[in-house]
Amino acid sequence: MTTYVAILAAGQGTRFGEDKTQVSLGGKPIWRWSYDAFVSMPEIAGVIIVGSQENIHDLRIEAPKAQVIVGGKSRQESSKLAVLNCPGDADALLIHDAARPFPSGRLIREVIQAISSQGAAGPALPVTDTIRRVTTTITETLPRAGLVAMQTPQGARIDLMRQAHQLAIGEATDDIALLEAAGIPCELVAGDPGNFKITTTEDLVRARAYVGGPETRTGMGYDIHPFDAKSTGALWLGGIEFPGHPALLGHSDADVLLHAIADAILGGACLGDIGLHFSNTDPQWRGARSETFVRQAVALAAKANWTLSHIDATVIAETPKIMARSSEMRQAIAEMSGLNLSRVSLKATTNEGLGSIGRGEGIAALAVATLKESNCF
């Protein structure tokens with residue numbers, strides 16, 4: 001039996017303000033986990049990913065071997081589009097929610113086997129909690145015997161899937177409900193507690209525990225600036241002014257240390273570099289304090305669900321004497337980056353007389369930023 005799977009990733013994310021299937025989980029978006037599980041199985045002939053207008057570009061880039069299509073406004077519409085776009089050699093189609101990142105090989109195989117023998121199937125787990133039906137005036141306890149919670153992947157022979165959508169009246173909550181509404185009996189196979197759906201922030205925390213906790217990333221930054229022989233201004237380094245010392249040459253205040261730190265933060269979050277966000281050809285940044293770049297880099301990383309947790313930086317210079325003012329510089333960097341002082345490390349060294357830095361023609365800086373994945377959507 002030639003079996004395809006459609007992964008539904010077209011949700012609007014109205015409860016979270018963004019598409020949860022694109023949220024990072026262990027270094028890759030949530031949808032990618034189930035995609036990788038399906039493509040690794042010889043029982044699956046191919047994968048269709050049903051996306052939205054907003055995420056379709058990213059899906060096509062990250063899953064070039066998949067057939068990626070734009071879905072509908074509802075789950076049922078997206079399921080129908082997957083059926084209509086299923087390759088002609090398909091005997092059966094599975095439908096899986098992208099927000100369920102951990103479908104096991106056992107589960108997938110048993111659903112396929114049940115479809116092969118019964119025509120339609122889906123996984124289900126017995127309900128263990130007491131369930132009550134509540135209305136405005138009446139509450140009713142439902143007996144747990146016979147109650148199950150449905151999971152995905154669900155599916156059927158492709159002809160039965162087409163028939164179910166043709167006969168559909170109203171919206172079904174899942175594909176098993178759609179098939180049963182069309183009079184098509186469905187086999188239930190044993191579900192998997194690990195095949196849970198990420199619906200809340202707590203679910204995301206649970207999923208990250210499955211893959212080793214929130215991801216930690218490291219970004220590296222480097223910058224170098226020459227001294228400006230014509231400048232009458234002061235040197236700025238680490239957000240601190242060094243009066244009476246020749247300034248560095250640059251479009252902004254040329255704070256080479258803060259530039260390296262901003263680059264490290266942006267790099268750790270895969271957001272490009274300082275030149276992309278604060279171009280040295282943009283008049284608005286002429287003479288700007290580089291503190292602005294660090295603050296905005298932290299904000300951009302936070303928007304992408306990354307939290308800065310540590311900075312380690314090194315200044316390479318013959319002059320001035322950095323360590324004499326290192327405590328002031330660390331305090332300034334901690335304040336602008338939102339870190340506790342104990343999470344900001346600053347070191348200094350010379351270039352032992354070698355090269356342009358060793359000749360005292362400028363200053364260079366290296367920075368490493370550690371970022372942790374945020375536990376929220």
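Start with helix α5 in this predicted model: its buried residues pack against α3 (75-84), β6 (92-97), β11 (154-157) and α6 (175-181). Which residues of α5 are the buried ones? Helix α5 runs over residues 158-166, and its buried residues are Ile 158, Leu 160, Met 161, Ala 164 and His 165. They cover an arc of only 160° around the axis, so they sit on the same side of α5.

Now hop over to α3, one of the partners just named. Its buried residues are Gln 76, Ser 78, Ser 79, Ala 82 and Val 83. Here too the arc around the axis is only 160°, which means that these residues lie on the same side of α3. What do they pack against? The answer is β1 (3-8), β4 (44-51), β5 (67-70) and β6, together with the helices α5 and α6. So α5 turns up in the packing of α3, just as α3 turned up in the packing of α5.

Next, look for empty space. Searching the whole structure turns up one cavity of 30 Å³ or more, and the largest cavity holds about 40 Å³ of space. Which residues line the largest cavity? You'll find Arg 75, Gln 76, Ser 79, His 165, Ala 172, Thr 173, Asp 174, Asp 175 and Leu 178 around it. Some of these should look familiar: Gln 76 and Ser 79 are among the buried residues of α3, and His 165 is one of the buried residues of α5. Both α3 and α6 supply at least two residues of this lining, and α3 gives the largest share, with three residues. Sorted by character, the lining has two nonpolar, four polar and three charged residues.

There's also open space to explore. The second largest pocket has a volume of about 550 Å³. It is lined by 20 residues, and the ones nearest its centre are Gln 22, Val 23, Ser 24, Pro 29 and Ala 304. Two elements, β3 (28-29) and α2 (56-62), give two or more residues to that lining. How many of the lining residues are charged? Eight are, alongside seven nonpolar and five polar ones.

Finally, turn to the aromatic rings. A pair of rings is described by two things, the distance of the centres and the angle of the planes. The count for this structure comes to eight aromatic pairs. Take Phe 102 and Tyr 210: their ring centres are 5.2 Å apart and their planes are at 10°, so this pair is stacked. Phe 102 belongs to the loop between β6 and α4 (105-118), while Tyr 210 is in helix α7 (residues 201-210), so the pair ties together parts that are 108 residues apart in sequence. Are the two partners buried or exposed? Phe 102 has 15% relative accessibility, so it counts as buried. Tyr 210, at 45% relative accessibility, counts as partly exposed.

Compare that with Trp 285 and Phe 293. Why is this pair called edge-to-face? The ring centres of Trp 285 and Phe 293 are 5.5 Å apart, but the planes are at 80°, and planes over 60 degrees apart count as edge-to-face. Trp 285 and Phe 293 are both buried. As for Phe 102 and Tyr 210, they also belong to a cluster: ring pairs link them with Trp 33 and Phe 196.

Key. Residues numbered from 1 in each chain as written. Predicted model: local features only at pLDDT ≥ 70, side-chain atom pairs only at ≥ 80, totals over all residues. Heavy atoms only, no water. Buried < 20%, exposed > 50% of the residue type's maximum accessible area, 1.4 Å probe, protein only. Helix = DSSP H or I, 4+ residues; strand = E, 2+ residues; numbered from the N terminus. Arc of directions from axis to C-beta. Contact = heavy atoms within 4.5 Å. 1 Å grid on protein atoms, 1.4 Å probe; cavity = no way out; pocket = protein on both sides within 12 Å on 5 of 7 lines; lining within 4 Å. Points joined across faces, edges and corners; volume = space filled by probe spheres on them. Nonpolar A, V, L, I, M, F, W, Y, C, P; charged D, E, K, R; others polar. Phe/Tyr/Trp six-rings, centres within 6.5 Å; stacked < 30°, edge-to-face > 60°.
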